[in-house]
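Visitor: I am new to this structure and would like a close look at a single part of it, with enough of the surroundings to see where that part belongs. Could you take me through it slowly?

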Amino acid sequence: MLAAFRRWRRDRVLAANALPDALWDDALDALPFLDDYAPEELDRLRNLVVLFLHAKSIVGAQGHEVTALQRVVIAVQACVLVLNLDLALYEGWHNIVVYPGEFVPGWQWEDDAGVVHTNDEPMAGEAMLRGPVILSWPDVAASADWESAGMNLVIHEFAHKLDMLGGEADGCPPLGGRTTVAEWKKAMAVAYTDFSARVDRDEDTAIDPYAAESPGEFFAVLSEVFFAEPELLIAQYPAVYAQFVAFYRQDPAARRSGA
Ligand SMILES: [Zn+2]
């Protein structure tokens, strides 16, 4: 009965909030990595985007005006992560705040010695535990072209959101029984140790060295690579790639090769 009600409500939201074709086509044009997606996947993605936009507020800050296309471009990339999972994984918070450029978070924390620090490093994005996702629009826009940017800000922050379903982002999101914690942690720890050593040696890494910052950042950065440049992750950390295929229930490299 509850499932039937949910379906009815979902269908009503979809019918009342359909995206205009031209807007959807513009969003697909802006995100070349979606070229690989099958029509059936794009149809499901489009429905998820409608439901996502209905559930979330995407608001501008510091005078930034969020356009209809920007909303869809952000929502599409957020929904890519849960295409074969459940949009309910993004429940429990409401806002996405978009800045006209990098922003200074200004939050404070106290170290073990009781000294209070203020974070005044400009950031491109941030995902707050049980709170908003904050994005710099120019960094979202640059992310569309992996070849030149080598990053995907929206995928990064929403990977943190999945990770935070288990508390602070620690690189081990709730796995939903799709793989085991032991297998996940083993693959991630081996790769993280290797990658951190390469960064420590000042090696030129094809993967953003920011991934060495912490296991939580490692998971978020590698999720960007998984979706936007899957062959790179297979080449460097195949065991992590296999874990991500199980976790996200997607195989972006197979999709790209038309398998
Ligand atoms: Zn991060």
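Guide: Two residues are in contact when heavy atoms of theirs lie within 4.5 Å. With that in mind, and remembering that this is a predicted model, one can say that, among contacts in the protein chain between residues at least 6 apart in sequence, 63% join residues at least 24 apart.

The part to look at closely is leucine 48, which is found in helix H3, a helix that covers residues 39-55. Leucine 48 has a relative accessibility of 11%, and because buried means under 20% relative accessible area, this residue counts as buried. Once residues up to four places away in sequence are set aside, leucine 48 touches Cys79, Val82, Leu83 and Leu87. Proline 238 offers a second point of reference: this residue is 190 residues from leucine 48 along the chain, and the C-alpha atoms of the two are separated by 29 Å.

The surroundings can now be filled in, beginning with the chain as a whole. The secondary structure of the protein chain comes to 12 helices and six strands. Its radius of gyration is 18 Å, close to the 18 Å that the globule rule gives for 259 residues, and the chain is therefore as compact as a globular protein of that length. Taken along the principal axes, the box filled by the C-alpha atoms is roughly 55 × 45 × 40 Å. Leucine 48 is buried, and of the 259 residues of the protein chain 47% count as buried. The accessible surface of the chain comes to about 12,700 Å², and carbon and sulfur atoms hold 53% of that surface.

Further along the chain from helix H3 come two strands to set beside it. Strand S1, residues 57-60, pairs with S2 in the parallel sense over four bridges, and in this pairing serine 57 stands opposite asparagine 95 in S2. Strand S2 itself, residues 95-99, is mostly covered, since four of its five residues are buried.

A last residue to set beside leucine 48 is glutamine 243, whose place is in helix H11, residues 238-248. Glutamine 243 is also buried, with a relative accessible area of 9%. Leaving aside its neighbours within four places in sequence, glutamine 243 is in contact with Thr179, Thr180, Glu183, Trp184 and Ala187.

Notes. Residues numbered from 1 in each chain as written. Predicted model: local features only at pLDDT ≥ 70, side-chain atom pairs only at ≥ 80, totals over all residues. Heavy atoms only, no water. Rg over C-alpha atoms; globule rule 2.2 N^0.38 Å. Buried < 20%, exposed > 50% of the residue type's maximum accessible area, 1.4 Å probe, protein only. Areas by Shrake-Rupley, 256 points an atom, 1.4 Å probe, with all protein chains shown as cover. Pairing = 2+ DSSP bridges.
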